Amino acid sequence: MKKIFQLFLFAVIVFLNGCMNIDTQILDEIQLSSATGYDLVDEDQYEVTVVYPVYESGGGVKNKTLTTTDNLSKEVRDKLNLKSEKPLVSGKLEVALYSRELAEKGISPILDSLTRDPSVGSNVMIGVADGSTKEILEKQYGETDNGIFLSDLIEQNMEAGIIPKTNLHLFMYGNYSEGMDPIAPIIGLSEDELTLKAIGLFDNDRLVGHVDEKDFSLLRVLMEHKSKKDSFSLEINEHEKVSIFSIGTTLNYKVSKPMEMSDITIHLKIKAYIREYIDGGLKKIKKQQIEKAFEKDIKERGDALVKQFQELGIDPLGVGEEVRTRSRNWDVKKWDDLYPAISIHIVPEVNITETGVLE
């Protein structure tokens with residue numbers, strides 16, 4: 001009986017292997033591209049650059065790039081393979097970069113090839129290049145894989161609470177959602193150093209604006225219902241400068257009449273401690289003054305961001321999603337007409353629970 005079962009199991013394995021047509025690949029016989037970049041050549045032509053690591057005997061990593069031009073991204077791999085001594089594989093792809101010029105035109109046709117590739121994971125980072133993606137990918141950043149370097153640059157800023165979370169999955173969700181729009185980091189070279197310059201704002205798949213560094217943390221807490229490790233700084237006057245670090249933030253919407261021209265209120269609660277204070281010791285009354293100063297600053301900047309989004313006709317905060325979940329008669333066309341003119345107010349509440357060693 002045992003022998004019959006073993007023969008049956010062997011037959012099933014052989015059958016499944018044949019049906020699935022499993023294609024095994026040996027690492028030494030392929031090139032694993034870790035990052036790809038797209039630059040616009042003309043109306044219908046893309047210049048595509050891929051970078052892959054070459055591991056040297058001494059333990060270092062040397063990055064090599066291949067570049068080609070085509071009007072369809074699906075044909076690019078075949079063209080790149082004509083220049084490679086080994087087959088190019090996308091299974092290790094960490095980052096996909098798009099030039100600002102291309103992003104302003106729209107990146108859906110290129111994103112389509114990524115999402116349809118089963119070897120590409122949904123956690124691939126999407127970024128906009130402030131300049132040429134080819135120039136960024138051709139540089140050597142220390143002794144590491146360029147794809148991993150770029151991915152780590154974005155990911156560590158997300159984990160540190162500096163920028164909102166973003167990846168291919170979240171971008172595509174925002175792109176196809178009826179009540180929100182996607183974002184992506186804008187990366188560029190500054191004195192030969194790669195830096196995160198801004199957060200790109202998209203209308204579906206087109207780049208239409210950006211958020212500057214001073215509002216990174218504020219955008220993050222307004223996009224995420226719960227977050228922590230967010231940093232805010234404020235110059236109260238010529239002599240008083242203070243920095244707070246959030247223990248946790250919560251976001252709640254008040255939508256009294258969904259799908260009507262009525263006010264929407266976004267309540268933002270921030271629990272934080274004072275990380276740095278320039279102007280002597282801190283007393284209880286001073287702590288209250290600092291809380292009010294931060295509330296005023298966050299409200300002014302938050303309302304300004306919302307107004308910017310409404311003027312651009314985009315919704316990275318997902319206000320429409322909040323309305324949709326509260327409405328039985330959701331109509332995306334009606335909401336698109338309402339959104340630019342509706343009154344949306346930020347109401348912050350800052351609670352400083354600790355003042356650190358300076359108190």
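Begin by colouring the chain by confidence: in this predicted model, the lowest value in the protein belongs to helix α1 (residues 2–20), with a mean pLDDT of 50, and the highest belongs to β10, at 98. Over the protein as a whole the mean pLDDT is 85, and 82% of the residues reach 70 or more.

Stay for a moment with the start of the chain and select residues 12–16, where pLDDT stays under 50 and the model has zero contacts beyond four places in sequence. Then select residues 19–27, a stretch whose pLDDT also stays under 50 and for which the model has four contacts beyond four places in sequence.

**The whole protein**

Now zoom out and show the cartoon, in which you can look for eleven helices and 15 strands. Of the 359 residues, 47% count as buried, and the protein exposes about 19,300 Å², with carbon and sulfur atoms supplying 50% of that area. If you count the contacts with a separation of 6 or more, residues 24 or more positions apart account for 65% of them.

**The eight-stranded sheet**

Next, select the strands of the open sheet, which are eight in number and follow the order β4-β3-β2-β6-β7-β8-β9-β10, with mixed pairing. Which strands stand at the edges of this sheet? They are β4 (61–70) and β10 (206–211), and because each has a single partner strand, one side of each is left without a neighbour in the sheet. Turn the view slowly to look along the sheet, where neighbouring strands are turned by 35 degrees against each other on average, with direction ignored.

Select β2 (residues 35–42) together with β3 (residues 45–55), which pair in the antiparallel sense over seven bridges. Within this pair, show tyrosine 38 and look across to valine 48 in β3, which stands opposite. While side chains are displayed, it helps to remember that in a regular strand they alternate between the two faces of the sheet.

Move along to β8 and β9, which run antiparallel and are joined by eight bridges. Here isoleucine 187 stands opposite leucine 196 in β9, and the hairpin of these two strands has two residues between them, with glutamate 191 taking a positive phi near 55 degrees.

Continue to the next pairing, where β9 and β10 are antiparallel and share five bridges. Show leucine 201 and find its bridge partner in β10, glycine 209. What is the phi of asparagine 204 in the hairpin of β9 and β10? Asparagine 204 takes a positive phi near 60 degrees, in a hairpin that has two residues between the strands.

**A helix on the sheet**

Keep the sheet in view and return to its order, which ends with β8-β9-β10. Add helix α8 (residues 216–223), which packs on the sheet and touches β8 (183–190), β9 (193–203) and β10, its direction making about 45 degrees with that of β9. Is this helix enclosed or open to the outside? Eight of its eight residues are buried, so α8 is largely enclosed by the rest of the structure. You can select them by name, as Phe216, Ser217, Leu218, Leu219, Arg220, Val221, Leu222 and Met223.

**A buried serine**

Now go to strand β13 (residues 241–255) and pick out serine 246. Buried means under 20% relative accessible area, and serine 246, at 2%, therefore counts as buried. Leaving aside neighbours within four places in sequence, serine 246 is in contact with Lys228, Lys229, Asp230, Ile270, Lys271 and Ala272.

**Aromatic pairs**

For the last stop, display the aromatic side chains; a search of the whole structure finds six aromatic pairs. In one of these, the rings of tyrosine 141 and phenylalanine 149 have their centres 5.0 Å apart and their planes at 10 degrees, so the pair is stacked. Its two members have separate descriptions: tyrosine 141 is buried, with a relative accessible area of 9%, whereas phenylalanine 149 is partly exposed, with 28%.

Then select tryptophan 330 and tryptophan 335, an aromatic pair that is tilted, with 6.2 Å from centre to centre and 40 degrees between the planes. Tryptophan 335 is buried, with a relative accessible area of 2%. Finally, add Tyr339 to the selection, and you will have Trp330, Trp335 and Tyr339, which form one aromatic cluster.

Note on methods:
Residues numbered from 1 in each chain as written. Predicted model: local features only at pLDDT ≥ 70, side-chain atom pairs only at ≥ 80, totals over all residues. Heavy atoms only, no water. Helix = DSSP H or I, 4+ residues; strand = E, 2+ residues; numbered from the N terminus. Buried < 20%, exposed > 50% of the residue type's maximum accessible area, 1.4 Å probe, protein only. Contact = heavy atoms within 4.5 Å. Areas by Shrake-Rupley, 256 points an atom, 1.4 Å probe, with all protein chains shown as cover. Pairing = 2+ DSSP bridges. Axes fitted to C-alpha atoms, helices over the stretch in contact; angles between N-to-C directions. pLDDT = per-residue confidence, 0-100. Phe/Tyr/Trp six-rings, centres within 6.5 Å; stacked < 30°, edge-to-face > 60°.
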